[in-house]
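Welcome! Here is a short briefing to read alongside the sequence and the 3D view.

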Amino acid sequence: MPGSASSTHRPEGLIERLRSAAADGGEAKLKVLRELKNQIIGNRTKKLSYIKLGAVPFVVSILSSASSSADCLLVQCAATIGSFACGVDAGVKAVLDTGAFPHLINLLSHPNEKVVDAGARALKMIYQSKVAPKYDFFEEKNMEFLISLLDKNNENVTGLGASIITHSCETNDEQKILGDAGVLKKLIDLLGGTTSQRDASLESFATIIKENPEVISKFVGPENGRTWGTLIELTKDRYPRTRLLACVCLILIKNAAPSYLQSVGIRTKLILVLLELIDDPGQVGDEAVLTLSSFIADDEGLQKLAFEASTIDKLCDHLQKELLQAKRLQGIFMTLANLCSNLECCRSIILQSPKALNIVTAALTHATADVRVAACICLKNISRSVKYLSAGHFMTEAVIMPLIQLLYDTSTSVQVAALCTISNLVVDFTMHKSLFVQSGGVKQLVQLSKSMDSTVRLNAVWALRNLMFLVDSRCKEGIFMELRALTLTSLVCDPSASVQEQALALVCNLVNGPVDSIEYVFTEDGLLLNAVGRQLWSASKHEVLIQITCFCHSCVSAIRYV
């Protein structure tokens, strides 16, 4: 006999058997469902293949027609539907489009706990997807149903309730109604349950309190001793994900209501826990470093605590490991960027470690846009070191050339991050600007100053402004030849007041310097000068008027010496 598989074992053959089973019934249904489920579990390619072949409607048909006493068949149907939905949005859409949702909901009230479990697991898979239906918390019957899920003595059912909250709660009003309905209290009660219940409850808890000081003050603060103490205790849990989620909840409390997390001891503890979790090679480690980054952002006191905990050394050690995933790299660069935003001691450590700096620079060409953005931000904050910037430490081809290439990036967020970094690198120091000009950077900055995206336009003009600051006459002429008076006039009269402000500052830098610099504003029949004059009469933003005043002062000073 030939060694090839029988046609009944190929996807098309299995679909045909599924079709027949859906129509005829009997033991064939159970057998073919088991076989289909085993084929698709953990295999995204096979899931998509069977979805395209129309397997999902047949499975839902079997579920909808199954007797309530056919426990094994109900379990297999739910398990197969859950497998299609797990991790594949196309699978969730196929399941929802074929009307499986109400049938799965009905399984939750089945007398057999195994059937309830299977239904709850399948629904949890659906609610882990962005395409899952939004739950309306303002419908009284919906809130009653949600609370009934959280009250069940079944970790999959309570987990489903928590998943619904995590997926659907997005607004302050939704957070408030959940808090007022007693949902937070029930989630806190579940923190004493199984590991699965703890983690699901912590995620939902974080969703309800995020950026909502009112909910936090009412339900969570230190005066609610049990809640506070439980969260602190869970940062010591034996399971890494539980420790991470407890840290996330405490950090969200600190971000929304800083007065609740003033203890240096607790703050230091959170940093140490997150640093320990970074050693986890999987998702927990990836999320831990991003969590640490958000924790210390915009808080110099926390940045100092992180520095004292040897965070820089640990992250630099991680950077030198091979095959770091994109999310891990992004988190490390963002954490380093936040540490270097204020602290010169952190910048010095990285700058004295050429290998670490080379890794950051190399990441400017990474395949993932989020990593390129993070590398740009990291480099920008490292370059805030006046000592190293003035010495031309960053004005090298290894740094400048990849940054210029990022100005052509297809991602707007990458372009903006590169522009911000370039703005920092080209400011203030005259002797090192020629490399950027000679490398073709000015041409693309001018091009981006004409972008339809106001954020790109603003940052391109800002970079040109800084490049023009104290530049020598030769470079100034080269920049103006690329810009031209017409483009500058357009920017001075831009619809965005922020762009106007930066464009006027650019014009000020243009006329500052040698006395003949004033001649630039008279080119093309004084086009630029007339535009500034019009803005003097029409501008309303204080910052724009300040720049016009600076321009006038520069012109008067230049004319005195002519």
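N154 sits in the loop that links α9 (140-151) to α10 (155-168). Please keep in mind that this is a predicted model. From this loop residue, the briefing moves on to helix α5 and its contacts with α6 and α7.

**The loop residue N154**
- With a relative accessible area of 6%, N154 is buried, because that value is under 20%.
- The N154 side chain reaches the backbone nitrogen of N156 at 2.9 Å.
- Leaving aside residues up to four places away in sequence, N154 touches E113, V116, D117 and Q197.

**Helix α5 with helix α6**
- Helix α5 covers residues 71-85 and helix α6 covers residues 89-97; their axes are 6 Å apart, at an angle of about 135°.
- That angle makes α5 oblique to α6, because it falls outside the parallel, antiparallel and perpendicular ranges.
- On the α5 side the contact involves I81, F84 and A85, which meet G91, V92 and V95 of α6.
- Five of the residues in this contact of α5 with α6 are nonpolar, one is polar and none is charged; Gly counts as polar here, so G91 is the polar one.

**Helix α5 with helix α7**
- Helix α7 spans residues 100-107, and its axis comes within 11 Å of the α5 axis, crossing at roughly 130°.
- This makes α5 oblique to α7, and α5 passes α7 in a left-handed crossing.
- L74, A78 and I81 of α5 make the contact with A100, L104 and L107 of α7.
- The contact of α5 with α7 has six nonpolar residues, no polar and no charged.
- I81 of α5 takes part in the contact with α6 and also in the contact with α7.

Notes. Residues numbered from 1 in each chain as written. Predicted model: local features only at pLDDT ≥ 70, side-chain atom pairs only at ≥ 80, totals over all residues. Heavy atoms only, no water. Helix = DSSP H or I, 4+ residues; strand = E, 2+ residues; numbered from the N terminus. Buried < 20%, exposed > 50% of the residue type's maximum accessible area, 1.4 Å probe, protein only. Polar contact = N/O pair within 3.5 Å; in protein donor to acceptor, adjacent residues only side chain to side chain. Contact = heavy atoms within 4.5 Å. Axes fitted to C-alpha atoms, helices over the stretch in contact; angles between N-to-C directions. Parallel < 35°, antiparallel > 145°, perpendicular 65-115°, else oblique. Left-handed = near helix turned anticlockwise from the far one by under 90°.
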